[in-house]
Structures are given as structure tokens and as C-alpha cells.
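Trainee: Could you take me closely through one part of this model, the place where a few neighbouring helices pack together, and then set that part against the rest of the chain?

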Amino acid sequence: MPEGATEVRYDEVFVAAVGVLNTRWALHVVHALSPGPLGFNELRRQIPGPGPSTLKQRLSELAEAGLVHREVLHGSPPRTRYSLTERGAGLRPMFAEMTAWATRNGLRPTEPGEVSGGVLGMFQEKWAMHVVCVLLTGPRGFNELAREVGISQVTLSQRLGELERRGLVDHDRGGRPATYALSEAGMDFRVVAEPLVAWAQALHAHQERPAARG
């Protein structure tokens with residue numbers, strides 16, 4: 001591991017912290033709010049994929065998780081503005097690294113309106129980020145990977161296929177059992193995972209801190 005690098009640990013702390021980010025469009029919402037507050041219609045223009053009800057649901061979930069703040073502005077008609085909380089703003093370093101990583105590895109958007117080289121779209125699929133973070137610690141057989149991530153074999157097969165097509169995962173079919181490992185671009189994803197892990201650990205430490213006595 002490079003000197004000063006954060007250990008990428010796939011553990012209960014990581015799973016609990018990034019659980020809400022696993023939901024489709026959640027990463028897009030946090031990314032869109034990173035530069036500053038936006039109204040609902042402004043968010044819809046920046047994230048054209050989800051319908052209004054889906055976007056409202058994601059915003060509600062992110063607010064419940066403490067990542068997004070919802071403010072009602074008085075007027076006629078009243079307007080709603082969304083912004084990142086301190087907890088949500090802690091993900092900004094990850095997005096900066098994600099954009100640089102996508103550019104460095106030549107990743108291209110696969111859908112109109114996609115950002116960060118299509119990386120958000122790739123990792124909005126549930127468990128994709130978890131699979132990569134597990135493989136950052138070393139190659140795994142298929143069954144071993146399914147057990148460690150805790151997903152069905154069908155879902156794991158889909159995620160691995162997508163990650164292979166995008167050039168992040170290599171499949172060594174010659175061994176017994178066949179193993180999956182990250183490609184050079186996949187291993188370079190460590191620069192994205194490290195600030196995410198640091199964010200998860202800081203969040204856990206804050207939640208575990210005893211409340212101050214009055």
C-alpha cells in the first residue's frame with residue numbers, strides 16, 4: 001500500500017455508511033448538490049434520468065440519512081431548496097477523485113447527461129461499488145466473492161459482467177476455481193475508495209462518540 005494511503009476495508013462500518021448511496025440515483029443527487037444548493041426543478045434538469053416521484057424519494061432518503069437538508073422558501077408559490085449537510089459535503093473529495101480517475105482511465109459516458117465519465121451511472125447499480133472495494137483487497141473466486149459481499153449469485157454475475165465490460169475487472173478462467181481480480185484501471189480506483197472509506201470511518205466515529213453531558 002502506498003505510504004499515507006487509507007486502508008480499504010470492506011466491513012460493517014463501510015456497508016452501513018454507504019448503504020444509502022447504493023440506491024439508484026442517490027450518487028447523482030449528492031454529486032449535483034456538491035457545488036451548492038438547488039431547487040427541485042433545477043435538480044431535475046441536472047439529473048434527467050429519474051422521474052419526479054423517484055427523485056423526491058431519493059431526496060427524502062438522503063435527508064433521513066443526514067446527507068441532504070430540505071428548506072422551504074416562503075413565497076408565492078413557496079419553493080423548496082436542497083443542499084448538502086456537513087455529512088453530505090464530506091463526500092466532495094470522493095467526487096473529485098472519481099472525476100480525475102475516470103479521465104485518467106479514459107472512461108466515457110454511456111448515457112446522455114451522464115457525468116464523471118459515466119462513473120456515477122456505473123456505481124449507481126446496487127453492489128457494484130462494494131464488489132470493487134472487496135476486490136481492492138485481492139482476487140476472489142466467484143462463490144467467495146458472493147459470500148463476502150453478501151449478494152445473490154445472479155446479482156453478482158450481473159455486476160461482474162458490467163464491470164468486465166467497462167474494463168475494471170479481469171476474469172481468470174484458467175485457475176481452479178476461476179478468479180476475479182481488478183484490472184489496472186480497477187486497482188487505480190483505490191484513489192476513489194480511500195476518501196469514501198475515510199468518510200465512512202469519520203461518520204462511524206461521530207455516531208459512536210458519547211453525547212456531551214449537560
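Mentor: Where helix 9 meets helix 10, Phe-142, Asn-143, Leu-145 and Ala-146 on the side of helix 9 are in contact with Gln-153, Leu-156, Ser-157 and Leu-160 on the side of helix 10. By class, the residues of this contact divide into five nonpolar and three polar, with no charged residue taking part. The model is a predicted one, and in it helix 9 spans residues 142-149 while helix 10 spans residues 153-165, the two packing at an angle of about 105 degrees with their axes 10 Å apart. Angles of 65 to 115 degrees count as roughly perpendicular, and that makes helix 9 roughly perpendicular to helix 10.

Helix 8, which covers residues 128-135, packs against both of these helices, and its contact with helix 9 can be taken before its contact with helix 10. The axes of helix 8 and helix 9 come within 10 Å and cross at roughly 115 degrees, and the crossing in which helix 8 passes helix 9 is right-handed. From helix 8, the residues His-130, Val-131, Val-134 and Leu-135 take part, and they meet Leu-145, Glu-148 and Val-149 of helix 9. This contact has five nonpolar residues, one polar and one charged. Leu-145 of helix 9 is thus listed in the contact with helix 8 and also in the contact with helix 10.

With helix 10, the axis of helix 8 comes within 10 Å at a crossing of roughly 75 degrees, and helix 8 and helix 10 are therefore roughly perpendicular to each other. Ala-128, Val-131 and Val-132 of helix 8 make this contact together with Leu-156, Arg-159, Leu-160 and Leu-163 of helix 10. Six of these residues are nonpolar and one is charged, while none is polar. Val-131 of helix 8 belongs to this contact and is likewise among the residues that meet helix 9; on helix 10, Leu-156 and Leu-160 face helix 8 here and are also named in the contact with helix 9. For the spacing of such positions, it is useful to recall that an α-helix has 3.6 residues a turn, so residues three or four places apart point the same way.

Just ahead of helix 8, Trp-127 sits in the loop that runs from helix 7 (119-123) to helix 8, and Trp-127 has a positive phi of about 80 degrees although it is not a glycine. Another tryptophan, Trp-25, also has a positive phi of about 80 degrees without being a glycine, and its place is in the loop between helix 1 (12-18) and helix 2. Trp-25 has a relative accessible area of 11% and is buried. Helix 2, residues 26-33, has seven of its eight residues buried, so it is largely enclosed by the rest of the structure. The buried residues of helix 2 are Ala-26, Leu-27, His-28, Val-29, Val-30, Ala-32 and Leu-33.

Beyond helix 10, two loop residues offer a contrast in exposure. Arg-173 is found in the loop between strand 5 (169-172) and strand 6, and with a relative accessible area of 59% Arg-173 is exposed. Apart from residues up to four places away in sequence, Arg-173 touches Glu-164 and Ala-178, of which Glu-164 falls within the residues 153-165 of helix 10. Ser-183 lies in the loop between strand 6 (179-182) and helix 11 (184-187), and at a relative accessible area of 9% Ser-183 is buried. When its neighbours within four places in sequence are left aside, Ser-183 is in contact with Gly-167, Leu-168, Val-169 and Asp-170.

One further loop position, Gly-90, lies between helix 5 (86-89) and helix 6 (92-104), and Gly-90 counts as partly exposed at 28% relative accessibility. The C-alpha atom of Gly-90 is separated by 9.4 Å from that of Ala-202, although the two residues are 112 residues apart along the chain.

As for the chain in which these parts sit, the protein has 12 helices and six strands, and 44% of its 214 residues count as buried. Of the contacts with a separation of 6 or more, 60% are accounted for by residues 24 or more positions apart. The accessible surface of the chain comes to about 11400 Å², and 49% of that surface belongs to carbon and sulfur atoms.

How values were computed. Residues are numbered from 1 along each chain as its sequence is written. This is a predicted model: local features need pLDDT of at least 70, side-chain atom pairs count only at pLDDT 80 or more; totals for chains, interfaces and linings use all residues. Side-chain values use heavy atoms; hydrogens and water are left out. Axes are lines fitted to C-alpha atoms, for helices over the stretch in contact, and angles run from 0 to 180 degrees between N-to-C directions. Helices (H or I, at least four residues) and strands (E, at least two) are DSSP runs, numbered from the N terminus. Angles under 35 degrees count as roughly parallel, over 145 as roughly antiparallel, 65 to 115 as roughly perpendicular and the rest as oblique. Contact means heavy atoms within 4.5 Å. Ala, Val, Leu, Ile, Met, Phe, Trp, Tyr, Cys and Pro count as nonpolar, Asp, Glu, Lys and Arg as charged, and the others, Gly among them, as polar. Buried means under 20% relative accessible area, exposed over 50%, partly exposed in between (1.4 Å probe, protein chains only). A crossing is left-handed if the near helix is turned anticlockwise from the far one by less than a right angle, and right-handed if clockwise. Accessible areas come from the Shrake-Rupley method with a 1.4 Å probe; for residues, only the protein chains shown count as cover.
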